[in-house]
Amino acid sequence: MTEESACKIVALPGDGIGPEVTDAAMAVLSVICNRFDLTISVDHHIFGGAAIDGDGDPFPDETKEACLAADAVFLGAVGGPKWDAAARQGGARPEAGLLALRKALGTFANLRPTRNVPGLEHLSPLREELIEGLDLLIVRELTGGLYFGDRQEGQDVAEDTCRYERHEIERVVRIAFEAARERTGRLASIDKANVLATSRLWRSVVDDLHREEFSDIEVSHILVDAAAMKLIQDPGSFDVIVTENLFGDILSDEASVLAGSIGLAPSASLGGKGRGLYEPIHGSAPDIAGQNIANPAGAILSVAMMLRHSFGSFEAAIAIEDAVDRTLAKGILTADLGGEVGTSEFTDEVIRQLAS
């Protein structure tokens, strides 16, 4: 991104702690854009449960139009028990807005990195020697599979259809191969090919792309249950993981806590044209909303991913990541990491680190 170009961003604070971490992320974004002479425009819109309350629709037309016109979209969090109860009576689910947003933006690949901050290995639930140097990336297919298949709901019988087409698998696997090529050249493809037809198609596509375009990459196929165990037993054996929608949702949440807390985990959802959706993966956590105790690190690091993937501002992205690392290394920790620092205090320290 050049000095003359503008970042046109739509922010969707959403529900629960979403507004708090969105405020933190946008504050850091403003500082970093000033530091690197980047022009920024942020437009806030209602989304999720907040939009159901205000508009009756989790993804109102006005919000959709703004997102489609933006260069990138930032999301805080969606959902909560309030709307879950209403949905059981036939009301709209906030999560339906998220699925519709991903479909509207065409973001078919979800990137979720998990990285250990040096010196903070003790925060992991695993032994420190298993976490030291941990740096893995999960690439999750985002717009297919059970999440988007036909479904039937009922009191006695329910049905969800898992469907994948070759082109859907090819495009996300290609992104994973390219990521592996930029890292250590290792790709683990996760499936359940001993049971599922979609997984056997998935494995076939991976093998075809490996043979035809990415023969320089070391590929392994791992069944999802074995992969879930290996993430705990030997997480450092992974570099890039690619998998389908449901498996990716579960495994990336499992991987996110390896570094100490799901509150540290950012994500980027990408399509083919540079525009992306960026969000922390921690969820809305309504039980702590409004208390200034949420960890904003995942949201702030999602801004770094936005600058890297949607705007090509690699130096700005690295600056944010370094500032978060230095903040954590100083022992500035929120409650989920065993500390006593609030959301605003953590954010203020990251901003101070950016100025140092």
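**Helix H12 and its surroundings**

Glu321 sits in helix H12, which covers residues 314–329. The model is a predicted one, and this glutamate makes a handy way into it. Glu321 counts as buried because its relative accessibility is 18%, and the cut-off for buried is under 20%. Setting aside neighbours within four places in sequence, Glu321 touches Leu301, Ala304 and Arg308.

Now for the helix as a whole. With 16 residues at 1.5 Å a residue, H12 should span 22 Å, and its end C-alpha atoms are indeed 22 Å apart, so the two figures agree. Glu321 has company among the buried residues of H12: Ala316, Ala317, Ala319, Ile320, Ala323, Val324, Asp325, Thr327 and Leu328 are on that list too. The cover over these buried residues includes helix H1 (18–35), strand S4 (109–115), helix H11 (297–309) and helix H13 (343–355). After H12 comes Gly331, and its phi is positive, near 85 degrees.

One of those covering helices, H13, packs against H12 at an angle of about 120 degrees, and the two axes are 8 Å apart. That angle makes H12 oblique to H13. The crossing of the pair is right-handed. On the H12 side, the residues that meet H13 are Ala319, Ile320, Ala323, Val324, Arg326, Thr327 and Leu328, while H13 brings Phe346, Glu349, Val350, Gln353 and Leu354. Sorted by type, the residues of this contact come out as eight nonpolar, two polar and two charged.

Helix H1 also belongs to this neighbourhood, as part of the cover over H12. Its 18 residues, at 1.5 Å each, should span 26 Å, and the end C-alpha atoms are 26 Å apart, so expectation and model agree here. The buried residues of H1 are Gly18, Glu20, Val21, Thr22, Ala24, Ala25, Met26, Val28, Leu29, Ile32 and Cys33. They pack against strands and helices alike: strand S1 (6–14), strand S2 (39–44) and strand S3 (72–77), along with H11, H12 and H13. Following H1 is Asp37, another residue with a positive phi, in this case near 55 degrees.

Another helix pair is found elsewhere in the chain. Helix H3 (residues 61–69) and helix H5 (residues 94–105) pack at an angle of about 35 degrees, with 10 Å between their axes. Their crossing is right-handed. Lys64, Cys67 and Leu68 from H3 meet Leu101, Ala104 and Leu105 from H5. The residues of this contact split into five nonpolar, no polar and one charged.

Last comes a strand residue, Val240, in strand S10 (residues 240–243). Val240 has a relative accessible area of 0%, so it is buried. Some of its surroundings come from well back in the sequence: Ala180 is 60 residues away along the chain, yet the C-alpha atoms of Val240 and Ala180 are separated by 5.8 Å. Ala180 is also one of the residues in contact with Val240, once neighbours within four places are left out. The rest of that list is Leu137, Val139, Ala176, Ala179, Arg183, Arg186, Leu187 and Ala188.

Terms used. Residues are numbered from 1 along each chain as its sequence is written. This is a predicted model: local features need pLDDT of at least 70, side-chain atom pairs count only at pLDDT 80 or more; totals for chains, interfaces and linings use all residues. Side-chain values use heavy atoms; hydrogens and water are left out. Helices (H or I, at least four residues) and strands (E, at least two) are DSSP runs, numbered from the N terminus. Buried means under 20% relative accessible area, exposed over 50%, partly exposed in between (1.4 Å probe, protein chains only). Contact means heavy atoms within 4.5 Å. The expected span of a helix is 1.5 Å times one less than its number of residues. Axes are lines fitted to C-alpha atoms, for helices over the stretch in contact, and angles run from 0 to 180 degrees between N-to-C directions. Angles under 35 degrees count as roughly parallel, over 145 as roughly antiparallel, 65 to 115 as roughly perpendicular and the rest as oblique. A crossing is left-handed if the near helix is turned anticlockwise from the far one by less than a right angle, and right-handed if clockwise. Ala, Val, Leu, Ile, Met, Phe, Trp, Tyr, Cys and Pro count as nonpolar, Asp, Glu, Lys and Arg as charged, and the others, Gly among them, as polar.
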